[in-house]
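Subject: Structure handover

Hi,

Here is the structure I promised you. Please open it next to this email and follow along. My notes come below it.

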Amino acid sequence: MSSSSEEIRLAAGSVGVTVQPGNGCRVGSLTVDGVELLRQGERYGSFPMVPWCGRTRDGRFTNGATTHQLPLNGPPHAIHGTGRDTAWKTARAGGSEAVFTYDLADPWPYPGRVTQIVELTESALTLRMSVETYDDSFPAQAGWHPWFNRRLTDGGEDVRIAFDAAWQERRGADHLPTGERVDPLPGPWDDCFGMPGGVDVTLTWPGQLELNVASREEWVVVYDEQEAAVCVEPQTGPPNGLNTAPRLVTPLEPLETSTTWTWRRL
């Protein structure tokens, strides 16, 4: 396994990325022309959410007739998967691309492998993730939780978030979708939105940078309730999706997803 302090550095022109395989395989830094886009800190950057995304109600999910209990790491729920708390292995790294893996293990009840591929160009970062099973089929989710800095520089303007969602999942007092879909409401948000044509969210730091978060998936969580950063989280299903919208990983069909962040200077 990778040590918690190891950093894999990728570069393309004036763009740099660091990945921390020993710290949940998170992207610890993304700089464009020397300007940091991601909130810094051990818990921040951008981490993969796998094998589930967001909150799983009471930490319980079913697979057929079997009910499983996950640790309540965000009481009263289980939150954001196990991948962010795991040391990943570096399978390959060099130049502008790297590949990382980890084997699913307790407390996740099914054996399998997760792979994350990081690809960098001068104008885009692409993250790809797959979940494979070594044995039985099981429901899973995968996605990303980036913390984008609200301001890129001292004195810079706050980021502006723009998107056109088909619906918003109404959120209950427990922060989980109630199952009711409503027209998108104004922020601040800690909410899941539906985009059947694929995730398409644009972050604009006026006079500095525009960044688009895209994915073929139709689910995105937007979180902007903190002062320091905002989150735009493309994922393969809604919060509690292990129960409400399961995607089955089978020996013949892994769960595969990707997101691409494309930027341009203003």
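First, a cut-off: a residue counts as buried when its relative accessible area is under 20%. Cys-25 has a relative accessible area of 0%, so Cys-25 is buried. Please keep in mind that this is a predicted model.

**Cysteines**

How many disulfides does the structure hold? Zero. Cys-25 is in no disulfide. Its nearest cysteine sulfur belongs to Cys-53 and is 15 Å away. A disulfide is a covalent bond between the sulfur atoms of two cysteines. For Cys-231, the closest cysteine sulfur is again in Cys-53. That distance is 13 Å, too far for a bond. Cys-231 is buried, with a relative accessible area of 0%.

**Aromatic pairs**

The structure holds 14 aromatic pairs. One of them joins Tyr-44 and Trp-147. The two ring centres are 5.0 Å apart, with 85° between the planes, and the pair is edge-to-face. Where do the two residues sit? Tyr-44 lies in the loop between strand E4 (35–36) and strand E5 (46–49). Trp-147 is in strand E15 (residues 143–149). The pair therefore ties together parts that are 103 residues apart in sequence. Are Tyr-44 and Trp-147 buried or exposed? Both are buried.

Next, Trp-189 and Phe-193. Their ring centres lie 5.9 Å apart and their planes stand at 90°, so this pair is edge-to-face. Both Trp-189 and Phe-193 are buried.

There is also a cluster. Ring pairs link its members, which are Trp-52, Phe-61, Trp-108, Tyr-110 and Phe-138.

**Charges over rings**

Tyr-44 comes up again here. The charged end of Arg-39 sits over the ring of Tyr-44, at 3.9 Å from the ring centre. Go to Trp-167 for another case. Arg-181 lies over the face of Trp-167, 3.7 Å from the ring centre.

**Salt bridges**

A search of the whole structure finds 15 salt bridges. Three of these are worth a look on your screen, along with a network.

- Glu-7 and Arg-9: their side chains meet in a salt bridge at 3.0 Å, N to O. Glu-7 has 34% relative accessibility and counts as partly exposed. Arg-9, at 61%, counts as exposed.
- Asp-58 and Arg-60: the salt bridge between these side chains is 3.7 Å, N to O. Asp-58 is partly exposed, with a relative accessible area of 29%. Arg-60 is partly exposed too, at 42%.
- Arg-171 and Asp-191: the closest N and O atoms of this salt bridge are 3.1 Å apart. Arg-171 lies in strand E17 (residues 167–171) and Asp-191 in strand E19 (residues 190–194), so the pair ties together parts that are 20 residues apart in sequence.

Why does Asp-191 count as buried? Its relative accessible area is 7%, and the limit for buried is under 20%. Its partner Arg-171 is partly exposed, with a relative accessible area of 30%.

Finally, the network. Arg-151, Asp-158 and Glu-227 are joined into one network by salt bridges that share partners.

Best wishes

Definitions and conventions: Residues are numbered from 1 along each chain as its sequence is written. This is a predicted model: local features need pLDDT of at least 70, side-chain atom pairs count only at pLDDT 80 or more; totals for chains, interfaces and linings use all residues. Side-chain values use heavy atoms; hydrogens and water are left out. Rings of Phe, Tyr and Trp (its six-membered ring) pair if their centres lie within 6.5 Å; planes under 30 degrees apart count as stacked, over 60 as edge-to-face and the rest as tilted. Helices (H or I, at least four residues) and strands (E, at least two) are DSSP runs, numbered from the N terminus. Buried means under 20% relative accessible area, exposed over 50%, partly exposed in between (1.4 Å probe, protein chains only). A charge sits over a ring if NZ of Lys or CZ of Arg is within 6 Å of the ring centre and within 35 degrees of the ring normal. A salt bridge is a side-chain nitrogen of Lys or Arg within 4 Å of a carboxyl oxygen of Asp or Glu. A disulfide is a pair of cysteine sulfur atoms within 2.5 Å.
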